[in-house]
Amino acid sequence: MTFTILLVLTTGVYAVMMAGVALAAWRASQQPRPDPLGDDALPRVAVLVAVRDEEQTIRRCLDALLAQDYPRERLTIYVANDHSSDRTADLIEEYEARTVHRASITDRAAPDDLARGEALSEPRVVAVPVGAPNGHLRGKANALHCAIGVSCEEVLLVTDADCAPPSYWARRMVEYLMEKRTRGAIAAQSIVEGQGLFASVQALDWSFLLTSASALAYLDLDSTAMGNNMALRRSAYEAVGGYAGLPFSVTEDYELWRYIRRHPNFETHFPSDGRTLNRTLPLARLRDLYMQRRRWARGGLRAKPGLHVAYVLTHLAHLLPLIGFFVAPLATLAVLGAKWTAEITLLWVGLAQGGRRRRLWAFPVFQLVLHGYMSTLPYVLLFFPRIAWKGRTL
């Protein structure tokens, strides 16, 4: 009886909490959009991409960035190669040589030549060497620190090598960032591409996590940000000391977001807008997904204490039903029905962006994955706190 009461209370309260999150997510999606900016009003932008052993994905990423609907002369792509051991460096240099050559031709070309030369409309790609790790400047934070150091633009867009932003991405993110002078950082959602069961499970998982983050931001509560889809003002980045002045974190994007959000002169914003979506590739193996969630969970431990209450509740709401099937099966099915209804509602709101509601067919398998990592991650992090990422232990 005691277990049943605990099961009903924890899972029931979790279901109510997620229903509230779904309502907040829907309200966030109804917020007004910023006014479009004409080409003359768009600022100079640096797109930052930190890479390590990305020869399989870097071409897709750079091709998408070069195809952005943004004035060519106001967009520069800085690719920081963090000591890759494959052909990543060679591929970056190819793009750099090609775009620098075209930029030099454009500078010398007559107006009639520019009108005829579609190939002259590409932004410039700049290869950035990454120095050796130095203290807390390690991993992706070190690579981004180096890229920001060689850039000069006030607006910084951040994405990853396994992403292919839609052509309107840069313009939409800049419009949100420039909407308010005090807006220091923008984060937006990313969607998982790919077909099949495992890709659809990951698409649901990303939407579940990021729609929740957007809802928390709408409620002005502590939330997270995804480093593959961010926009920053350089002035805000420098005001918090940059990555050189921040403590080390395996989720450097969240760490930077937290500091800008708490700075008295700046605010953050997490729009729920399908026009700011980025596109990322699915992971190939279930083990990789679990390790990624483990890294995210470790970074999330730096959240405010109030959010840790929600963490504990979420953990219990996924662990206790697994036990409940053997102890109190009827009560377990009842509370799971409430839980699933709230979670499907949240996903229904989040998946509306980009027209992805058809992915809900994978919901049963998504639940197995969700229960698997939500119920075990606290204990794995307790006994195995070190994180392996890109061949390094952090």
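In these legends, buried means under 20% relative accessible area, exposed means over 50%, and partly exposed lies in between, as found with a 1.4 Å probe on protein chains only. Helices (H or I, at least four residues) and strands (E, at least two) are DSSP runs numbered from the N terminus. The model is predicted, and for this reason local features need pLDDT of at least 70 and side-chain atom pairs count only at pLDDT 80 or more, whereas totals for chains, interfaces and linings use all residues. Residues are numbered from 1 along each chain as its sequence is written, and side-chain values use heavy atoms, with hydrogens and water left out.

**View A. Helix α10 is mostly covered, with nine of its 10 residues buried.**
The buried residues of α10 include the charged-group carriers E252, D253, E255, R258 and R261. Also buried in this helix are Y254, L256, W257 and I260. Helix α10 appears again in View B, where this helix gives two or more residues to the lining of a pocket.

**View B. The second largest pocket has a volume of about 430 Å³.**
A pocket is an open set of points on a 1 Å grid over the protein atoms alone, where a 1.4 Å probe fits and protein lies on both sides within 12 Å along at least five of seven lines; its lining residues have an atom within 4 Å of a point. The volume is the space filled by probe spheres set on the points, which are joined across faces, edges and corners. The second largest pocket is lined by 22 residues, and those that lie nearest its centre are R183, A217, T268, H269 and F270. The elements that give two or more residues to this lining are α7 (197-218), α10 (252-261) and β8 (267-269).

**View C. A salt bridge joins the side chains of D69 and R171, at 3.6 Å from N to O.**
A salt bridge is a side-chain nitrogen of Lys or Arg within 4 Å of a carboxyl oxygen of Asp or Glu, and a search of the whole structure finds 21 of them. D69 lies in the loop between α2 (58-66) and β2 (75-81), while R171 belongs to helix α6 (residues 169-178), so the pair ties together parts that are 102 residues apart in sequence. D69 is partly exposed, with a relative accessible area of 43%, whereas R171 is buried, at 8%.

**View D. R293 and D205 meet through their side chains in a salt bridge of 2.6 Å, N to O.**
This pair links distant parts of the chain, for R293 sits in helix α11 (residues 286-300) and D205 in helix α7, 88 residues apart. R293 counts as buried at 2% relative accessibility, and D205 is likewise buried, with a relative accessible area of 1%.

**View E. R275 forms a salt bridge with D273, and a network of salt bridges links E179, K180, R183 and E267.**
In the pair, the closest N and O atoms of R275 and D273 are 3.0 Å apart. R275 is partly exposed, with a relative accessible area of 29%, whereas D273 counts as buried at 2%. One member of the network, R183, is also among the residues nearest the centre of the second largest pocket.

**View F. Seven strands form an open sheet with mixed pairing, in the order β3-β2-β1-β4-β7-β5-β8.**
Two strands pair if DSSP finds at least two bridges between them. At the edges stand β3 (124-129) and β8, each with a single partner strand, so one side of each is left without a neighbour in the sheet. Strand β1 (residues 45-51) pairs with β2 in the parallel sense over seven bridges, and within this region A46 stands opposite T76 in β2.

**View G. Two loop residues other than glycine, D53 and H83, have positive phi values.**
D53 has a phi of about 55° and lies in the loop between β1 and α2, where this residue is partly exposed with a relative accessible area of 31%. The phi of H83 is near 55°; H83 has its place in the loop between β2 and α3 (88-108) and counts as partly exposed at 41% relative accessibility.

**View H. V309 is found in helix α12 (residues 305-327).**
V309 counts as exposed, at 58% relative accessibility. V309 and R72 are 237 residues apart in sequence and 47 Å apart in space, C-alpha to C-alpha.
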